[in-house]
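Hi everyone, thanks for making time for this. I'd like to walk you through one structure, so let me put it on the screen.

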Amino acid sequence: MSTTTAAPASSGIHSEADEFETTPVPPERRRSLASVSAVWFGFPMVLTCAVFGGLIVYSLGFWTGMLAILVGNLCLMGYVGALSVIAGRTGKNFALTAAETFGRVGAFVPSAFLATIVIGWFAFQTGMAGAILNSTLGWPERTTTLLAGLAFVGLTLLGIRALSVIGVIAAPVYIVLGIVAIVLAAGDRSGAPTSYQGGAGAAAMSFGAAVTLVIAAFIDSGTMTADFTRWSRNGKEAFLAAVSAFPVSNSLALVIGGVVVALGGSADPGTDGGNFLGLLIDHGGVLVPLAVAFVFINLGSVCAHCLYNGAVGWSQLTGGRMRRLTLILGAVGVALAVAGIWSYFEYWLSLLGVIVPPIGAVVILGQLVLPRFGIRARAGLPAFIAWAAGAAAALLAHAYAPWLSDAVIGFVTAAAVLVLFTLTSRREKELAA
């Protein structure tokens with residue numbers, strides 16, 4: 001990879017290391033479908049998904065849990081896929097795309113919001129790496145977290161190519177070790193996992209909450225999918241790259257965790273869900289070093305993706321370079337992880353994720369759906385009104401209607417408000433004319 005300094009965008013000359021933080025990716029620098037798909041396919045192959053898949057099956061039983069996983073992934077496919085189509089057509093990252101909907105100045109709010117949330121997830125996953133290796137092997141938690149964080153920052157500095165490579169590595173490692181865990185769990189239990197009826201009892205989450213859990217796990221980076229899929233050669237390939245993750249790889253990751261729980265392979269499914277790392281380590285031998293490597297590869301993949309999202313977002317907002325922002329934001333994330341603050345993030349990050357779908361809703365409606373009907377949504381205030389209405393509806397559903405999917409409620413409400421606002425404004429203009 002060249003280390004020459006990138007020329008200004010206006011010159012039409014770009015170095016191989018240029019990440020196009022503030023300009024669309026030019027056609028000649030777009031990447032193949034396989035390359036962009038590798039970025040997204042490997043992203044959901046993370047131990048957190050095994051935990052969530054196990055929690056869902058523990059709450060709903062095997063078949064109902066599988067249905068919730070499917071529904072959640074189909075929602076993500078439509079959502080992330082639509083945003084990816086826009087990215088593939090324009091070559092713009094999320095911040096540039098948001099400016100078309102929220103206005104050049106207004107776009108700072110959703111862009112900064114999402115670019116900050118993903119740094120929270122980076123800190124959470126980095127801290128999780130140290131905590132897992134501490135609880136399973138007794139490694140010093142803070143030292144392990146620090147070393148892991150530094151490695152994850154270094155990986156992100158390599159840019160979009162590194163994300164493709166780590167995705168290609170992380171996915172098969174997750175699948176192979178997940179299958180090994182299922183085989184080990186099956187050896188200790190008689191009966192098919194499909195007969196599992198759940199074990200959460202009164203503490204079980206609702207079907208709607210399970211769908212929301214599937215969606216919320218990747219709604220932040222999913223909304224910022226343009227940071228990845230802007231490298232696609234066209235909208236169709238960008239959509240297919242997103243499909244490689246939702247429903248394909250994300251479903252695999254969640255189902256593996258669900259099957260582990262259904263087979264009794266999790267010591268504490270109510271808390272750890274389908275986390276199968278302990279199952280591997282308990283059987284000793286070669287599985288121990290493989291499990292350690294798995295932690296670094298697996299969490300390194302998701303951390304690099306999150307940090308890349310944050311760095312690209314803040315680069316566009318501040319006019320800085322992606323790699324410089326990677327160092328700054330990475331340092332902040334690692335410091336939060338080492339300090340142990342990461343353990344307080346999960347609930348708040350998940351709750352913030354509830355109000356993210358309306359952001360994507362107004363972008364999709366304004367830039368992809370309404371134009372097909374010859375309708376142009378005005379940028380700026382209408383988008384903010386729709387986002388606020390969708391977020392409010394999602395939070396109300398979260399608090400008072402937990403049997404519903406608050407993520408879906410937020411998306412539908414924002415879309416409906418934007419359409420209503422746009423059609424009303426159009427009608428008023430026609431009457432005035």
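Let's begin with the rings: how many aromatic pairs does a search of the whole structure find? The search turns up 19 aromatic pairs. Please keep in mind that this is a predicted model. I'll take two of those pairs in turn.

Y79 and F411 form an edge-to-face pair, with 5.8 Å from centre to centre and 70 degrees between the planes. Where do the two partners sit? Y79 belongs to helix α3, residues 62–90, while F411 belongs to helix α19, residues 406–432, so this pair ties together parts that are 332 residues apart in sequence. As for their surroundings, Y79 counts as buried, with a relative accessibility of 6%. F411, at 24%, counts as partly exposed.

My second pair is Y174 with F294, and this one is tilted: the centres are 6.0 Å apart and the planes are at 45 degrees. Y174 lies in helix α7, residues 160–187, and F294 in helix α14, so here the pair ties together parts that are 120 residues apart in sequence. Are these two buried or exposed? Y174 is buried, at 0% relative accessible area, and F294 is buried as well, at 1%.

Beyond pairs, there is also a cluster to look at. W40, F43, F218, F228, F246 and Y308 form one aromatic cluster.

Since F294 lies in helix α14, let's stay with that helix for a moment. Helix α14 covers residues 287–318, which is 32 residues. From its first C-alpha to its last, α14 reaches 45 Å, close to the 46 Å expected at 1.5 Å a residue. Why call α14 largely enclosed by the rest of the structure? Because 24 of its 32 residues are buried. Just after α14 comes G319, which takes a positive phi of about 80 degrees.

One residue of α14 that I'd like to point out is V288. V288 has a relative accessibility of 22%; the cut-off for buried is under 20%, so V288 counts as partly exposed. Which residues does V288 touch, once we leave out those up to four places away in sequence? The answer is L137 and I281. L137 is 151 residues from V288 in sequence, yet the two C-alphas are 9.0 Å apart in space.

Now for helix packing, and back to α3. Two packed helices are described by the angle between their axes and the distance between the axes. For α3 and helix α8, residues 207–216, the angle is about 45 degrees and the axes are 8 Å apart. That angle makes α3 oblique to α8, and the crossing of the two is right-handed. Which residues make the contact? On the α3 side they are T64, L67, A68, I69, V71, G72, N73, C75 and L76. The α8 side brings F207, A210, V211, V214 and I215. If you look at the spacing in those lists, remember that an α-helix has 3.6 residues a turn, so residues three or four places apart point the same way.

My last stop is a loop residue. N275 sits in the loop between α12, 269–272, and α13, 277–282. With a relative accessible area of 19%, N275 is buried, given that buried means under 20%. Setting aside residues up to four places away in sequence, N275 touches L47, A50 and V51.

That's my tour; I'm happy to rotate the view for anyone who wants another look.

Definitions and conventions: Residues numbered from 1 in each chain as written. Predicted model: local features only at pLDDT ≥ 70, side-chain atom pairs only at ≥ 80, totals over all residues. Heavy atoms only, no water. Helix = DSSP H or I, 4+ residues; strand = E, 2+ residues; numbered from the N terminus. Expected span 1.5 Å × (residues − 1). Buried < 20%, exposed > 50% of the residue type's maximum accessible area, 1.4 Å probe, protein only. Phe/Tyr/Trp six-rings, centres within 6.5 Å; stacked < 30°, edge-to-face > 60°. Axes fitted to C-alpha atoms, helices over the stretch in contact; angles between N-to-C directions. Parallel < 35°, antiparallel > 145°, perpendicular 65-115°, else oblique. Left-handed = near helix turned anticlockwise from the far one by under 90°. Contact = heavy atoms within 4.5 Å.
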